[in-house]
Amino acid sequence: MNRIVYLDGTWLEEADAKVSVFDRGFLFADAVYEVTAVIGGKLIDYAGHAARLQRSLRELALSCPLGPDALLSLHHDIVARNALDEGLIYLQISRGAADRDFIFSETAKPTLVLFTQAKAVLDNPYNVTGIKVVTLPDQRWARRDIKTVQLLYPSMAKMEALRQGAQDAWLVEDGFVTEATSANAHIVTAEGTLVTRPLSHAILPGITRATIVELARAAGMPVEERAFTPDEARQASEAFITSATNFALPVTMIDGVPVGNGKPGPITERMRALYIAERLSHAEPVT
């Protein structure tokens, strides 16, 4: 693979794209990121990701090196330069390079990086089988609503899930599920109500989550934005996660207990189909 990477105003082959060892993203995880799915060369839910990026930057008092139109143009350009048909675009903005100090300069020059990853977004085999999850304590920092690169604990939790024979973990705090390691968590009750945790500092405001909730309500499905327990999740008729590149991915087992009949449920499949159809119809084409 020889991708073309964007780094601070320059297009480089991936082997030549290098960031300073003094970059605060490297030293302090002082950086935010976004991931935008690409299908058929089109950007999926880009407007939501761009808006969340600006919110994350504001929360950390980070400045964006480029304006909205220039950022969108970069996304178009990197898709074209890498001939990306299906996969994702990763964008990261750090506070930039400076001598290591807990006190940061408010005039530091940010570092902006974009790269692509080819990935089978539509034909994920877990759409057919569902995934197994285990519950683990949520030991992340308290501002999970900011999409920072502080991802060590989610990575360790996912590795623990793999060790236990599952594909992911649902994190638990004060007796309630917060979210998955890199996705929002949802259940469907026996009565057919979609339940998902409300937005707060405890979870990331997922762009896919927001669209799924909107689509469910538009389809006449009851939706409750409230916290739920692991026990309630294990007794649900369906469960699924949402994220930028998984869309709505079924969860068929939690802590070794089958969810519903242990197979992907009809509501999960419907929400995935509705999401794909709606988002593709509004996808941002490469110009």
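Helix axes here are lines fitted to C-alpha atoms over the stretch in contact, with angles running from 0 to 180 degrees between N-to-C directions. Keep in mind that this is a predicted model. With that in hand, here's a quick look at helix H5 and at how helices H6 and H8 meet: the axes of those two come within 10 Å and cross at roughly 105°.

**Where H6 meets H8**
- H6 covers residues 207–218, and H8 covers residues 266–281.
- Angles of 65 to 115 degrees count as roughly perpendicular, and H6 and H8 therefore sit roughly perpendicular to each other.
- On the H6 side, the contact is made by Thr 208, Thr 211, Ile 212, Leu 215 and Ala 216.
- H8 brings Met 271, Leu 274, Tyr 275, Glu 278 and Arg 279 to the contact.
- Sort the residues of this H6–H8 contact by type and you get 6 nonpolar, 2 polar and 2 charged.

**H5 and its two sides**
- H5 runs over residues 152–163, so to speak a 12-residue helix, and it reaches 16 Å from first C-alpha to last, close to the 16 Å expected at 1.5 Å a residue.
- Its buried residues are Pro 154, Ala 157 and Ala 161.
- Looking down the H5 axis, these buried residues fall within an arc of 60°, so they line one face of the helix.
- Flip to the other side of H5 and you'll find Leu 152, Met 156, Met 159 and Arg 163 exposed.

**Around H5**
- Strand E7 (131–137) and strand E8 (168–173) are among what covers the buried residues of H5.
- Just after H5 comes Gly 165, which takes a positive phi of about 85°.

Definitions and conventions. Residues numbered from 1 in each chain as written. Predicted model: local features only at pLDDT ≥ 70, side-chain atom pairs only at ≥ 80, totals over all residues. Heavy atoms only, no water. Helix = DSSP H or I, 4+ residues; strand = E, 2+ residues; numbered from the N terminus. Expected span 1.5 Å × (residues − 1). Buried < 20%, exposed > 50% of the residue type's maximum accessible area, 1.4 Å probe, protein only. Arc of directions from axis to C-beta. Contact = heavy atoms within 4.5 Å. Parallel < 35°, antiparallel > 145°, perpendicular 65-115°, else oblique. Nonpolar A, V, L, I, M, F, W, Y, C, P; charged D, E, K, R; others polar.
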